[in-house]
Every structure is written in C-alpha cells, then in structure tokens.
Amino acid sequence: MKIDVHWHFYPEAYMQEIRREGNAWGAVISREDGREYMGTGTSRHPLLPEMYQPEAQLREMDRRGLDLVAISAPPPLFMNHIEGTKALDLHQMVNDRLAELMQTHPGRFAGLAAVPLQSPELAIRELERAMLQKGLSGVEIATNIAGRNLDEPEFLPFFQRAAELGAFVFVHPNAVLGQDRLRRYYLGNLIGNPTDTAVAIASLVFGGVYDAAPGLNCCFAHGGGSFAMLLGRWDHGYHARPESRLNIARPPSHYLPRIYVDSLTHDADARGLALQKVGADHMLMGSDLPFDMGDPEPVASIEQQPGLSRADRDLILGGTAARLLHLAS
C-alpha cells in the first residue's frame, strides 16, 4: 500500500463561509485573471480544485499512484493566533468533514485532526472527539503555537494524551521564526520552514517532552527540516553545555527512535542525510498536495533514491505509515 502522509484539504464549507461572510477567520477569497485566490495574512495562493474537491483529490491520488493519504488542513487553518473557542468552531468543521471523506471514500483517506492547541484543554477534548467518535487517526499541529515552542509546560498534557490515544502526530511549520528578516525571495518558506521544524524537534527533545510522554511519536514535515544536519551539533552541545542538560539525561541522538520525518526534501542528498539519521523505517512518503512547494511525483522520488533496498522503499512508501496510522493490512 502506498500512503502519503503530507496531503492537505480545504473543507468546502470553510470556503463557502469565507465567500459568504468576507474576511471570516482572517481569510479572504479574491478573483484575478479568471482565477480564485485564497489569502490568509501574508500568504496568498491560487485555489486549485485539488484543494477542496474530493473528486479532484482522488484523481490526483490515482495519477500519483497513491492508495491512501493522511489528510489534514493546510497551515492557514491552524488559527493558533486567535481565541481558542473561536478556533474550535473551525476545527470541528474541518474534522467533521474529514470524517465524512473517510466514510464516503473508505480506504482512501485517514484524517488528521485540527485542534486549538493555544487552549490545551480544548485541544485535548477535540482530539478525543475526533479520534474516539469520528474515527480520525491522529492530529496535525504547528511547529510553534503563536510563537511559543512546543516544550512550554501547558502543552505537555496534550502530548501525553496524544500518546495515550496512539495518535499519529504530524508537525508542520507555520508562522515561522525570523519573519522580519525573511520577507524577501520567499525565504519565509525556503529557510523559515525547515528552521522552525528543527526548533520544534529540539524543543521536544531538549525540553524533556519525549521523556514525559512515553509512547509519543511525531512525524515532521519536509524531511524534518534542518535537524539531520544539526544533530551532531546538538549532541556536542549536550556534552559541552550544562544548559542543554537541564531536562534530559541522555544526548539528543538517543531520541531518534521517537522521530519520524516525511520524504519531502526536494533533494536526494538531503533525503539521504535524513535517512542516515532516522533510518528507512522512520521516513514516510509526503508530497504536500496541492502546493507549489510540494513533490508532484512522490513515489518516483522514493523509487529513485539511491542506496535503498526494496524492503526500505516499501517501508517509506507506506509500510511504516500503515503501522503508525493503525490501518489494517
């Protein structure tokens, strides 16, 4: 089974609400040159059918040779910067629609819930509702929550509950650090995204979150960002600097079994470095449909990756994802 874990979807109900009410949720849909565009804050992208039409998504899945996708809201719908109860209304709309997709197209979609992690108690309740009542497989969260790193104490109960539920936790960059210096040349994405992802991994490791939440396993977008190149530096810092040992009794590399990454690196060498660190059994296929920074041929990227055995490729293409998403064989 070929499974893509980095696959986004705008619920049409969300888009209808924006069209009806204008700048709802801080977003606006505009028309230019005969095309619709979705604008959220500083982000603006064309609204392609693959973003919100299930039939178009299924056609693209078939074109890419995918059996199933772990489907999640795009980062603009995280809404971690607004009041939690208001964000919850949107997140429940998203999660209900993902559950409907799973029921309408059995065996093609595994839903990853959206939750208002700025209000951890609400986030826990919505994760429980999404998984236990709606049948979703896990949750997607941001690399930071309105500028707060993931090791802030108020987030720990959420991670502990996610671990207890066996949730697949997909971590995606959003509202990344250093935006005042990354405004030009699309550097907020090109540099900010992989950097913020590395900060998220470091926060969970150095902050002791993995120790405090046994069973928590997270998959990080974009090959884990820059973390693979930094891991040796982190280990050295652990031994050289007392600040790095405040919350953990073992070096960061000890936590590699808890870290999963997707395959979306745009470069075989970068993907190879991530594979050296986490192993083929900890990399999952990801393409970031339908955005232009994605990989339109994710299966080919894995099939053509040098140095992999057939068994390694099968794990990346779907074997590990099926296990983490608790899918029947």
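**Entry 1: the two cysteines**

I began with Cys218, which is buried at a relative accessible area of 1%. The model I am reading is a predicted one, and I keep that in mind for each entry below. I then looked up the sulfur of Cys218 and found the closest cysteine sulfur in Cys219, 8.9 Å away, which is too far for a bond. Turning the lookup round, I noted that Cys219 is in no disulfide either, the nearest cysteine sulfur being that of Cys218. Since a disulfide calls for two cysteine sulfur atoms within 2.5 Å, I was not surprised to find the count of disulfides at 0. For Cys219 I also wrote down the burial, and this residue is buried with a relative accessible area of 1%.

**Entry 2: from β9 to β8**

I next asked myself which residue stands opposite Cys219 of β9. I found Phe170 in that place, and the pairing to which I then turned, between β8 and strand β9 (residues 218-220), is parallel and runs over 3 bridges.

I went on to the burial of strand β8, which spans residues 168-172, and noted that 5 of its 5 residues are buried, so the strand is largely enclosed by the rest of the structure. When I sorted the side chains by direction, I had Phe168, Phe170 and His172 pointing one way from β8, with Val169 and Val171 pointing the other way, and I recorded buried for all of them.

**Entry 3: from β8 to β7**

I then looked for the pairing of β8 with strand β7 (residues 138-142), and found it to be parallel as well, with 5 bridges. As one point of contact in this pairing I noted Val139, whose bridge partner in β8 is Val169. I also looked up the connection, and recorded that β7, helix α6 (residues 156-165) and β8 form a β-α-β unit of the right-handed kind.

**Entry 4: enclosed space**

Last, I looked for internal cavities, and with a threshold of 30 Å³ or more I arrived at a count of 1 cavity. For the largest cavity I wrote down a volume of about 40 Å³. Which residues line the largest cavity? I listed Phe78, Asn80, Val115, Leu117, Glu140, Ile141, Ala142 and Ile145, and by class I entered 6 nonpolar, 1 polar and 1 charged residues for this lining. I also marked that Glu140, Ile141 and Ala142, which are among the lining residues, have numbers that fall within strand β7 (residues 138-142), and this ties the last entry to the one before.

Methods: Residues numbered from 1 in each chain as written. Predicted model: local features only at pLDDT ≥ 70, side-chain atom pairs only at ≥ 80, totals over all residues. Heavy atoms only, no water. 1 Å grid on protein atoms, 1.4 Å probe; cavity = no way out; pocket = protein on both sides within 12 Å on 5 of 7 lines; lining within 4 Å. Points joined across faces, edges and corners; volume = space filled by probe spheres on them. Nonpolar A, V, L, I, M, F, W, Y, C, P; charged D, E, K, R; others polar. Buried < 20%, exposed > 50% of the residue type's maximum accessible area, 1.4 Å probe, protein only. Helix = DSSP H or I, 4+ residues; strand = E, 2+ residues; numbered from the N terminus. Pairing = 2+ DSSP bridges. Right-handed = clockwise from strand over helix to strand, strands pointing away.
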